[in-house]
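Me: Please take a close look at one part of this model, the pairing of its strands, and then set that part beside the other features. I would like one connected account rather than a list.

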Amino acid sequence: MKTFIAPGQRPDTETVVAIGSFDGIHLGHQALIAQLKAKAREHRVPSVVYTFDPPTRVLTQGVEFLSTLPEKLELLARYGVDETVAVPFTAEFAARPKEAFLDDLRLLRPRTVVVGEDFHFGRGRAGSAADLAEVAPEVVVVPIHGLGGEDIKSTRIREYLKTGDVEGARRLLGRHYDAQGVVIHGDQLGRTIGWPTANISVPDGKALPMGVFAVVAIGDHGRWHGMANVGFRPTVNGTTRRFEVHLFDYEGDLYGQELHIKFFAHLRGEQKFSGLDALKAQLQQDAANARAALVGVK
Ligand SMILES: Cc1cc2nc3c(=O)[nH]c(=O)nc-3n(C[C@H](O)[C@H](O)[C@H](O)COP(=O)(O)O)c2cc1C
Ligand SMILES: Nc1ncnc2c1ncn2[C@@H]1O[C@H](COP(=O)(O)OP(=O)(O)OP(=O)(O)O)[C@@H](O)[C@H]1O
């Protein structure tokens, strides 16, 4: 997949374009992308996703993002998009009138524009699907896909993660929620209590589910089952959010390695224990629960 950071950068050919934040590439986005690809095949032109980095709500509402830009690009490539134009979403960009956005869109020479029915653009969200007819002979407005009575929205997935509900997130994403990061040094207390943990550093602003989880960790040298804690470690009076993973049946040094963590079952919320002995006993139980939750998982 080719990637650009401005519409004027791509080759001067006709396209079919889908527009939006596409944070997480959930099932609704995937349905939209399927329509985008069908239209691109019909017109024999490249399929282009025109997206914003960071996702608009990260700037306008201060929310955390589900996908970093590299994660989003990898997913778009995996779902078969030909090109992505990922424009930097700044306060200036958000303040431009809808006409300026339409002028940029014209540079992509869209044969067809595909958007969800709730798509808005330009200052004050003044532009809607109806305005897109000014720049493209065909506008496809996709109804909002839902699942079991709830709309599939990035916002809903963020809410699920806040309560540790990775199963709810998985349902709307159509895959397990995941995070990538480098293993950094922690306080090294974990090894003294018999449960060495890899502290994972994820980019600032990456949404993580809160609590204790069964996970699958994928590194350069292997793939492991494990358990993770995302929290503040109240038992040791921690003050900052940490993301720690214990890998089952692994002994060795992971510092500096990149790990890709997939969140499976939510085992419990984080608790403040009376001391390290009580925490140790709970970790024993967590390990048994995590192993049981991962039976049959590759
Ligand atoms: C699966 C798992 C669950 C955990 N649950 C809790 C918890 O409920 N409460 C808590 O204070 N710390 C919890 N911890 C964090 C431990 O306090 C932490 O691993 C320990 O403080 C050592 O951290 P360090 O290796 O960075 O020094 C958990 C850690 C893991 C791996
Ligand atoms: N469930 C859905 N079904 C169909 N189209 C969708 C769905 N969700 C989003 N879209 C469309 O996909 C494009 C990208 O959506 P975008 O990421 O901007 O918003 P979103 O997923 O609705 O998230 P948010 O919760 O931030 O509103 C937009 O054109 C949007 O209208």
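Reply: Two strands are taken to pair if DSSP finds at least two bridges between them, and the strands themselves are DSSP runs of E with at least two residues, numbered from the N terminus. The model is a predicted one, and the account below should be read with that in mind.

With that criterion, the pairing of β12 (residues 198–201) with β15 (residues 242–247) rests on 2 bridges, and these two strands run antiparallel. Within this pair, alanine 198 has valine 245 of β15 as its bridge partner. The pair belongs to a barrel, in which 6 strands close in the order β11-β12-β15-β14-β13-β16 with antiparallel pairing. From one strand to the next, the twist averages 45 degrees.

Following the order to the other side of β12, one comes to β11 (residues 178–184), which is joined to β12 by 3 bridges, again with the two strands antiparallel. Here isoleucine 184 stands opposite asparagine 199 of β12. β11 is also joined to β16 by 5 bridges, in an antiparallel arrangement, and in that pairing valine 182 has glutamate 258 of β16 as its bridge partner. A helix accompanies this part of the barrel: α8 (residues 276–293) lies across β13 (211–219), β14 (222–231) and β16 (258–268), and it runs at about 100 degrees to β16.

The other set of strands to consider is an open sheet, in which 6 strands follow the order β1-β4-β3-β2-β5-β8 and the pairing is parallel. Its edges are formed by β1 (2–4) and β8 (138–142), and because each of these has a single partner strand, one side of each is left without a neighbour in the sheet. Neighbouring strands of this sheet are turned against each other by 20 degrees on average, with direction ignored. Inside the sheet, β3 (residues 47–53) and β4 (residues 83–88) run parallel and are joined by 6 bridges, with aspartate 53 having proline 88 as its bridge partner in β4.

Two helices are placed against this sheet, and β3 serves as the reference strand for both. α3 (residues 69–78) lies across β1, β3 and β4 and runs at about 165 degrees to β3, while α5 (residues 98–106) lies across β2, β3 and β5 and runs at about 140 degrees to β3.

Some strands of the sheet also return in the surroundings of ligand 2. An oxygen atom of the ligand is 2.7 Å from an N or O atom in the side chain of histidine 26, another polar side-chain atom, from lysine 153, lies 2.3 Å from an oxygen atom of ligand 2, and for serine 154 the corresponding distance is 3.3 Å. Taken alone, ligand 2 exposes 590 Å², of which the protein buries 93%. Two or more residues of the shell come from each of β2 (15–20), α1 (27–43), β5 (110–116) and α6 (154–162), and α1 gives the most, with 3 residues. Of the 22 residues around the ligand, those that come nearest are Phe22, Arg57, Asp118, Lys153 and Thr155, and the shell divides into 9 nonpolar, 9 polar and 4 charged residues.

How values were computed:
Residues numbered from 1 in each chain as written. Chains lettered and ligands numbered in written order. Predicted model: local features only at pLDDT ≥ 70, side-chain atom pairs only at ≥ 80, totals over all residues. Heavy atoms only, no water. Near = heavy atom within 4 Å. Polar contact = N/O pair within 3.5 Å; in protein donor to acceptor, adjacent residues only side chain to side chain. Areas by Shrake-Rupley, 256 points an atom, 1.4 Å probe, with all protein chains shown as cover. Helix = DSSP H or I, 4+ residues; strand = E, 2+ residues; numbered from the N terminus. Nonpolar A, V, L, I, M, F, W, Y, C, P; charged D, E, K, R; others polar. Axes fitted to C-alpha atoms, helices over the stretch in contact; angles between N-to-C directions. Contact = heavy atoms within 4.5 Å.
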